[in-house]
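Visitor: I would like to learn how to read helix packing and pockets in a model. Where should we start?

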Amino acid sequence: MKKVHLLILKAFIRPFIVTFFIVMFVLLMLFLWKYIDDLIGKGFEWYTILDLMMYASATNVAMALPLSVLLSSIMTYGTLGENYELVAIKSAGISLGRALYPMIIVVIVLSISAFVFSDYMLPVANLKFYSLLYDARKQKSASLVKEGVFNNSFPGYTIRVQRKDPDGQLLHGIMIFEKPVNGNGSNNVIFAQEGRMFRSADNTKLVLKLKNGIRYEETSGNTGYNPRQVLTRMRFKETETKLSLDGFTIKRTPENDFRSSFLMLSSSQLVHQHDSVSKSVVRDQAQNLPSIIPYIKYMSMPHKYTKPIPVFTRPRLLATVGGSYAKQLAALNNAMTEAKAIKDYNNPRTATYLDKLSTLRRYLVEYQRKFTLSAACLVLFLIGAPLGAIIRKGGLGLPVVISVIFFLIYYIISTIGEKSAKDGSLSPFIGTWISILILTPIGLFLSYKAANDSVLFDLEIYRRFFASLFKKKESQ
């Protein structure tokens, strides 16, 4: 038995590691494709991009791990079946359940590790990733000056360049508008035939060395009711303008600004935040109802609000008011005005209440997701191992197709369920666990079929069945 278990473990570990890193690489490429416009051309240092990719890889583990377990389990037992090693194991008196025994232990260990990762490491990775991505997307483009475009990236300056040489440094037809940032001071305009652009030694300034140009300065003259504007024109052979590059260096936002987000919390923190918001909802409900009571003058509130408020029809309501028609009409108008006042009073509180309910659902969904990753590894293994034993095909052909199909089913169902849980259509528990609840019976059914040497995926059996069915119809 130990030799058989060792054989199965060796057959599983290698494809699991290979498929895990392949899936991680594919997901990382999808990340780069999604955010390529936010990262390219902004002058980031190489280590900034590397940090972002590392944090993105950590956030992709929740998707890569279940898919790797599914694919590697299909490949492992498919290869054992294709090489008739499963037949030899069964002929030795070892059932499929006993053959799955070491793999079940390994997958349980992986599931526990997945929970520890999602509860302790994933919130930190999400915090690092989303804070860095937020700052990267705010970063200005490193293409400092573009041809034929008025560039306003430099505070107090607007620059337009008619043409740039292929080296990107020699400029032609330069126009620079200088305007004080605070609005006080003179407005200056510089025209130059050509110039050269380069960064300073400390990489904090952009230096423009201009040649053969004119500088116009507009300053205020005498103060009074009719101040005069003085325009000064100066020609130059060569001058130098320095522009600050502070806006082109990435500025990190404090991570504490993102720490309260749902994805950045552990399970204990999610429970604590959920309890705090729940108490806030109860407190608001206790305060809102008594604050409405003084506005209600035309019906009495039941004691402790345990009974429904009586509903009056219009004739009966008018009869209770009594008096002349004008008095009744005035009473109705007053009632409508106060009803509108109550509605206006409740509208912002209703919006706040619904927002807090949505927040409570999000906390519950994120809390349940800490456990669904572990359960997904178990369920997808429960599907993959018997599938591999039934189809008896190893390699990266048919197992990849089948694993992708089942993983898409799992991913689509879980995505729909979580979205429904967040908008209140389903309970958070059902919404997050619905994919597990649907796939578990499928895994048990496949395990039963594999244990009984089922020919569930033998196309020849189905071909014979339909051929015999058509023969019966023709004979009739």
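Guide: This is a predicted model. Start with one pair: helix 1 and helix 4 are oblique to each other, because angles over 145 degrees count as roughly antiparallel and 65 to 115 as roughly perpendicular, with the rest oblique above 35, and their axes cross at roughly 140°.

Visitor: What describes two packed helices in general?

Guide: The angle between the two axes and the distance between them. For helix 1 and helix 4, the axes come within 8 Å, and the crossing is right-handed. The residues of this contact are 19 nonpolar, 5 polar and no charged.

Visitor: At what angle do the axes of helix 4 and helix 10 cross?

Guide: At roughly 145°, with the axes coming within 9 Å. This crossing is right-handed. Helix 4 contributes residues including Met63, Pro66 and Leu67, while helix 10 contributes, among them, Phe406, Phe407 and Tyr411. By class, the contact residues are 13 nonpolar, 1 polar and no charged.

Visitor: Turning to the largest pocket, how many residues line it, and which lie nearest its centre?

Guide: The lining has 33 residues, and Thr59, Ala62, Met63, Arg369 and Tyr411 lie nearest the centre. Met63 and Tyr411 also belong to the contact of helix 4 with helix 10. The space in the pocket is about 1,200 Å³.

Visitor: Which helix gives the most to that lining?

Guide: Helix 10, with 8 residues. Helices that each supply at least two residues include helix 1, helix 4 and helix 9. The lining divides into 17 nonpolar, 9 polar and 7 charged residues.

Methods. Residues are numbered from 1 along each chain as its sequence is written. This is a predicted model: local features need pLDDT of at least 70, side-chain atom pairs count only at pLDDT 80 or more; totals for chains, interfaces and linings use all residues. Side-chain values use heavy atoms; hydrogens and water are left out. On a 1 Å grid over the protein atoms alone, a cavity is a set of points where a 1.4 Å probe fits but cannot get out, and a pocket is an open set with protein on both sides within 12 Å along at least five of seven lines; lining residues have an atom within 4 Å of a point. Grid points are joined across faces, edges and corners, and a volume is the space filled by probe spheres set on the points. Helices (H or I, at least four residues) and strands (E, at least two) are DSSP runs, numbered from the N terminus. Ala, Val, Leu, Ile, Met, Phe, Trp, Tyr, Cys and Pro count as nonpolar, Asp, Glu, Lys and Arg as charged, and the others, Gly among them, as polar. Axes are lines fitted to C-alpha atoms, for helices over the stretch in contact, and angles run from 0 to 180 degrees between N-to-C directions. A crossing is left-handed if the near helix is turned anticlockwise from the far one by less than a right angle, and right-handed if clockwise. Contact means heavy atoms within 4.5 Å.
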